[in-house]
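These are my notebook entries from a session with one protein chain, written down in the order in which I looked things up.

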Amino acid sequence: MLEKLNEIQAAALEALKSVADDEALQAWRVAHVGRSSPLMQLFKEFGKLSKEERPAVGKRANEVKVALEEALAERGMMIKETELAHSLEEDHLDVTLPGRPLRHGGLHPTTQTLRRILGILAEMGFQVYTSREVESDAYNFQHLNFPPDHPAREMQDSFYVESEGRQEDDPLLMRTHTSPGQIRAMREFAAADPDNPPPIRISLPGMCYRYEQITSRSEIQFNQVEGLAVGENITFSDLKGTLSDFARRMFGQDARTRFRAQHFPFTEPSAEMDVECFLCGGEGCSVCKKSGWLEILGCGMVHPNVLTAGGYDPRRYTGFAFGMGPERQAMLRHKIEDIRYFWGNDARFLEQF
Ligand code: PHE
């Protein structure tokens with residue numbers, strides 16, 4: 001019987017060698033360690049053995065059983081491993097390949113420029129004052145000395161906001177510039193001490209809206225930064241000095257500036273400031289359209305009617321104001337040819353900044 005046990009073991013192990021998948025493994029289990037396998041059948045024949053033979057055969061039979069079960073478990077592991085290796089191969093997973101790079105966000109080019117402008121103005125003593133984006137006609141136009149028939153008030157230029165119960169001559173609209181913030185700021189400052197309103201030096205950043213055809217040069221939504229200084233004895237020289245200094249801080253110590261006469265209803269006199277083209281150094285290029293100069297901002301001495309509307313007596317107070325566009329400055333600085341990129345949300349554009 002010992003001999004038979006050895007044969008059973010050898011045959012079973014031999015058969016196991018060709019078992020290559022789970023199904024064959026289960027079949028092998030039934031055939032070699034299952035209830036009707038030769039090994040298990042053999043256990044039933046123990047009764048025929050003599051008392052002397054029994055312990056040795058029993059021990060051996062158990063050894064064979066354990067050996068076969070261990071071999072079965074081992075084979076099972078092997079099958080699993082090869083299956084895994086196969087599936088890895090089929091999926092072409094190469095764990096040694098470098099990972100996907102993480103994309104990290106950054107500040108929008110307009111935000112970067114806006115922050116730079118506000119930072120420089122802050123160094124020069126201009127505190128940030130934020131004002132509302134939905135304005136009334138009165139603040140956006142009337143208090144800023146726009147004549148009633150001024151073309152900027154026409155429907156084509158403003159987004160009007162539906163507002164029930166408002167007077168017809170003072171509808172709500174999305175502000176078309178940051179200048180209405182001048183009136184809000186002056187009124188707030190003056191309210192603290194109406195007989196002796198304090199001096200003002202503020203920057204007014206924010207989004208503006210115009211109902212315009214969208215082109216490479218104009219968007220319906222854009223930022224502005226307004227500056228306002230009000231006090232006693234403020235002159236046009238202060239305006240020129242402040243803005244020339246701003247240009248040097250913004251565009252470099254050698255930045256030359258020039259002022260051209262312009263017209264705005266809310267300033268008198270009014271001007272536009274150009275900075276010498278920093279792309280061609282004044283030689284003339286496509287960005288400055290061969291003129292050598294880039295228009296940067298509008299400015300002027302605050303109109304007496306505007307001071308009055310703000311609660312500042314124009315006989316005692318004077319002031320200057322200016323307004324500039326961060327998008328425009330970002331375009332000039334980075335030679336961006338189309339303003340629509342700013343709202344295009346194209347990562348390929350944004351990633352460059
Ligand atoms: N509000 C003017 C504009 O939108 C800019 C400006 C601001 C001009 C302040 C003079 C003074 O174009």
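Entry 1, the outer face of α1. I looked for what helix α1 shows on the face turned away from its buried side, and found the exposed residues Glu3, Glu7 and Lys17 there. I keep in mind throughout that this is a predicted model.

Entry 2, the inner face of α1. I then listed the buried residues of the helix, which are Leu5, Ile8, Gln9, Ala12 and Leu16. Viewed down the axis of α1, these buried residues fall within an arc of 95°, so they line one face of the helix. I note beside this that an α-helix has 3.6 residues a turn, so residues three or four places apart point the same way. Among the elements that cover the buried residues of α1 I found α2 (22-33), α3 (38-44) and α4 (53-90).

Entry 3, the length of α1. The helix runs over residues 2-17, 16 residues in total, and I read a reach of 23 Å from its first C-alpha to its last, which is close to the 22 Å expected at 1.5 Å a residue.

Entry 4, Pro55. I placed this residue in helix α4. Is Pro55 buried or exposed? Its relative accessible area is 55%, and because the cut-off for exposed is over 50%, I entered Pro55 as exposed. I also looked up its C-alpha separation from Asp193, a residue 138 positions away along the chain, and it came to 114 Å.

Entry 5, the domains. How far apart do the C-alpha centres of domain 1 and domain 2 lie? The assignment gives domain 1 as 2-90 and domain 2 as 109-350, and the two C-alpha centres lie 90 Å apart.

Entry 6, α5 against α10. I turned to helix α5 (residues 109-123) and helix α10 (residues 326-334), which pack at an angle of about 105° with their axes 9 Å apart. That angle makes α5 roughly perpendicular to α10. On the α5 side the residues in contact are Pro109, Thr110, Thr113, Leu114, Arg116 and Ile117, and they meet Pro326, Glu327, Gln329, Ala330 and Arg333 in α10.

Entry 7, the surroundings of α10. I recorded Pro326, Glu327, Gln329, Ala330, Met331 and Leu332 as the buried residues of this helix. They pack against α5, and also against β6 (221-231), α8 (236-251), β9 (293-302), β10 (318-324) and α11 (341-344). Last, I checked what follows α10, and found Lys335, whose phi is positive, near 55°.

Note on methods. Residues are numbered from 1 along each chain as its sequence is written. This is a predicted model: local features need pLDDT of at least 70, side-chain atom pairs count only at pLDDT 80 or more; totals for chains, interfaces and linings use all residues. Side-chain values use heavy atoms; hydrogens and water are left out. Domain bounds come from an automatic or database domain assignment. The expected span of a helix is 1.5 Å times one less than its number of residues. Buried means under 20% relative accessible area, exposed over 50%, partly exposed in between (1.4 Å probe, protein chains only). The arc is that of the directions from the helix axis to the C-beta atoms. Contact means heavy atoms within 4.5 Å. Axes are lines fitted to C-alpha atoms, for helices over the stretch in contact, and angles run from 0 to 180 degrees between N-to-C directions. Angles under 35 degrees count as roughly parallel, over 145 as roughly antiparallel, 65 to 115 as roughly perpendicular and the rest as oblique.
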